[in-house]
Amino acid sequence: MVQCPDRIIASIDTGVDDALALAYLLGSADECELGGVIAGYGNVDANTAYANTCAVLDLFGRADIPVFLGAEHPSWADAFIPDAGCAQFHGDDGLGNTRLAGSGALADGAGVPGDDMSGDDMSGDDMSGDDMSVDVPDEVVSVGGYLAGDVHAHPALGACSRVNRSQSVDHPQSAMPTALASGGKRRCSVDAADGIEYLIEQVREFGRDVTVLATGPLTDVDAAITRAPDIASKLRLVMMGGTLTQPGNCWDAVAETNIIQDPEAANRVFHSGADITMVGLDVTHQCLLPQSAADRWRATGTKRGRFLADLADFSIKANLEADPALFSGGMPLHDPLAAAVALDSSLVDCFDLALRAETNTGDFNGVRGRTTGDPVGLVNHSMPHVHVALGVDSERFLDEFVERMAEVCR
């Protein structure tokens with residue numbers, strides 16, 4: 001009997017390591033079937049994530065994989081603006097300034113879903129990191145997870161000029177990079193392009209035979225469970241985010257980036273009863289991609305190899321500048337490790353506990369965005385538990401990852 005490959009549905013905010021995770025999944029076709037991708041806000045705005053996702057799939061010859069638009073802002077806000085910190089680690093286009101999806105953050109004339117501003121000047125010449133001139137009166141605006149006006153809210157250069165407000169999208173069209181605008185073969189669904197509904201349909205049809213891989217905020221997963229509570233008990237989720245035993249990577253050095261974007265959504269998902277594996281900084285910081293891997297991919301001489309090497313080069317440099325002590329060995333493979341765990345859970349050792357995400361900061365509240373054990377779970381043993389990865393076979397993962405990516409470059 002031939003064993004069918006694992007089915008994966010990805011919920012991503014396509015930046016540098018998301019793109020590497022996508023390429024890894026595409027290179028793992030014998031082990032997994034990537035059924036679809038839901039692209040939402042996080043490292044970049046949702047429209048850019050959508051365009052980036054399409055561009056990466058097209059580069060690797062998988063225009064047949066459907067791409068859906070996910071959440072454009074966190075559950076607690078009405079609009080979202082990418083922040084300067086994410087741009088530092090992902091580039092202003094989200095893909096290490098490779099411009100894969102076009103000349104700017106979005107391709108010229110891309111036809112991005114719900115976006116009628118593709119012709120706007122995105123150069124950011126008139127923008128500064130502190131410019132909060134966003135035309136969203138009476139709306140709650142998230143700047144990379146922080147409330148607009150917060151001392152930690154720093155918009156990415158040019159971000160405000162292209163993200164005026166949350167766009168309402170009923171039937172988004174495919175975002176086509178310039179290379180595909182004339183006769184490309186990307187197949188998109190116009191009538192069923194609601195990413196949340198797609199996630200619900202997939203879980204209802206396949207149950208835990210499909211794994212939802214979330215490498216961005218948990219807003220999409222939370223929205224799906226809220227809309228269809230019946231899927232929670234059937235949902236298998238592998239998520240990149242959070243940290244339990246290590247400092248965070250946000251301003252407070254406590255919260256992790258994907259969780260700070262939407263702590264309310266994360267907390268609801270943790271308590272939903274879904275089968276959740278959290279792949280956080282506890283293990284991703286042990287999996288550093290060295291410069292030699294990027295050099296190997298570039299040596300293939302292919303466009304794919306150059307692209308993957310450019311992504312790695314950008315991230316290795318950015319991480320080294322940010323923390324020479326922690327990242328002297330290379331870039332942390334956050335999202336690729338989560339993708340690998342979705343295919344092979346034996347890569348990590350997990351500690352199961354009732355988990356919560358703090359939603360407030362202050363006395364007797366903790367720090368917003370922190371992932372910690374839920375003390376109620378100590379007395380209520382029926383509370384849902386999350387598999388928190390604390391140990392990782394980093395050598396096995398890195399060897400396999402570098403080799404598989406070298407193969408997908410060809």
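Which residues does Asp222 touch, not counting residues up to four places away in sequence?

1. **Contacts of Asp222.** In this predicted model, Asp222 touches Ser75, Ala265, Arg268 and Val269, leaving aside residues up to four places away in sequence. Asp222 belongs to helix α6, which covers residues 219-227. Its relative accessibility is 5%, and Asp222 therefore counts as buried, the cut-off for that class being under 20%. The C-alpha atom of Asp222 is separated by 9.7 Å from that of Ala232, a residue 10 places away along the chain.

2. **Helix α8.** Two of the residues touched by Asp222, namely Ala265 and Val269, are listed among the buried residues of α8. That helix spans residues 263-270, and six of its eight residues are buried, so α8 is largely enclosed by the rest of the structure. The buried residues of α8 are Pro263, Glu264, Ala265, Ala266, Val269 and Phe270.

3. **The chain as a whole.** The protein chain has 13 helices and 15 strands. Of its 410 residues, 57% are buried. The accessible surface comes to about 16300 Å², and carbon and sulfur atoms account for 49% of that area. When contacts between residues at least 6 apart in sequence are considered, 80% of them join residues at least 24 apart.

4. **Burial of helix α1.** How many of the residues of α1 are buried? The count is 11 of 11, and the helix is accordingly described as mostly covered. The buried set consists of Val16, Asp17, Asp18, Ala19, Leu20, Ala21, Leu22, Ala23, Tyr24, Leu25 and Leu26. Charged side chains are represented in this set by Asp17 and Asp18. The next two points describe helices against which α1 is placed.

5. **Helix α1 with helix α12.** Helix α1 (residues 16-26) and helix α12 (residues 334-343) have axes that come within 7 Å and cross at roughly 30°. An angle under 35 degrees counts as roughly parallel, and α1 and α12 are therefore assigned to that class. The crossing of α1 past α12 is right-handed. On the α1 side, the residues in contact are Asp17, Asp18, Leu20, Ala21, Tyr24 and Leu25; on the α12 side, they are His334, Asp335, Pro336, Ala339, Ala340 and Leu343. Sorted by class, this contact has eight nonpolar, one polar and three charged residues.

6. **Helix α1 with helix α11.** The axes of α1 and α11 come within 10 Å, with a crossing angle of roughly 145°. This crossing is left-handed. Val16, Ala19, Leu20 and Ala23 of α1 meet Leu308, Leu311 and Ser315 of α11. Six nonpolar residues, one polar residue and no charged residues take part. Leu20 appears both in this contact and in the contact with α12.

7. **Helix α10 with helix α11.** How are α10 and α11 oriented, roughly parallel or roughly antiparallel? Helix α10 (residues 291-298) packs on helix α11 (residues 303-322) at an angle of about 160°, and their axes are 7 Å apart. An angle over 145 degrees counts as roughly antiparallel, and α10 and α11 are therefore roughly antiparallel to each other. Their crossing is left-handed. From α10, the contact draws on Gln291, Ala294, Trp297 and Arg298; from α11, it draws on Gly305, Arg306, Leu308, Ala309, Asp310, Ala312, Asp313 and Ile316. The class count is six nonpolar, two polar and four charged residues. Leu308 of α11 takes part here and also in the contact of α11 with α1.

8. **Positive phi at Asn97.** Most residues other than glycine have a negative phi. Asn97, which is not a glycine, has a positive phi near 60°. Asn97 is located in the loop between α3 (84-90) and β5 (141-143). With a relative accessibility of 35%, Asn97 counts as partly exposed.

9. **Positive phi at Phe364.** Phe364 is also not a glycine, and its phi is positive, at about 65°. This residue is placed in the loop between β13 (355-357) and β14 (371-373). Is Phe364 buried or exposed? At 91% relative accessibility, Phe364 counts as exposed, because that class begins over 50%.

Conventions:
Residues numbered from 1 in each chain as written. Predicted model: local features only at pLDDT ≥ 70, side-chain atom pairs only at ≥ 80, totals over all residues. Heavy atoms only, no water. Axes fitted to C-alpha atoms, helices over the stretch in contact; angles between N-to-C directions. Helix = DSSP H or I, 4+ residues; strand = E, 2+ residues; numbered from the N terminus. Parallel < 35°, antiparallel > 145°, perpendicular 65-115°, else oblique. Left-handed = near helix turned anticlockwise from the far one by under 90°. Contact = heavy atoms within 4.5 Å. Buried < 20%, exposed > 50% of the residue type's maximum accessible area, 1.4 Å probe, protein only. Areas by Shrake-Rupley, 256 points an atom, 1.4 Å probe, with all protein chains shown as cover.
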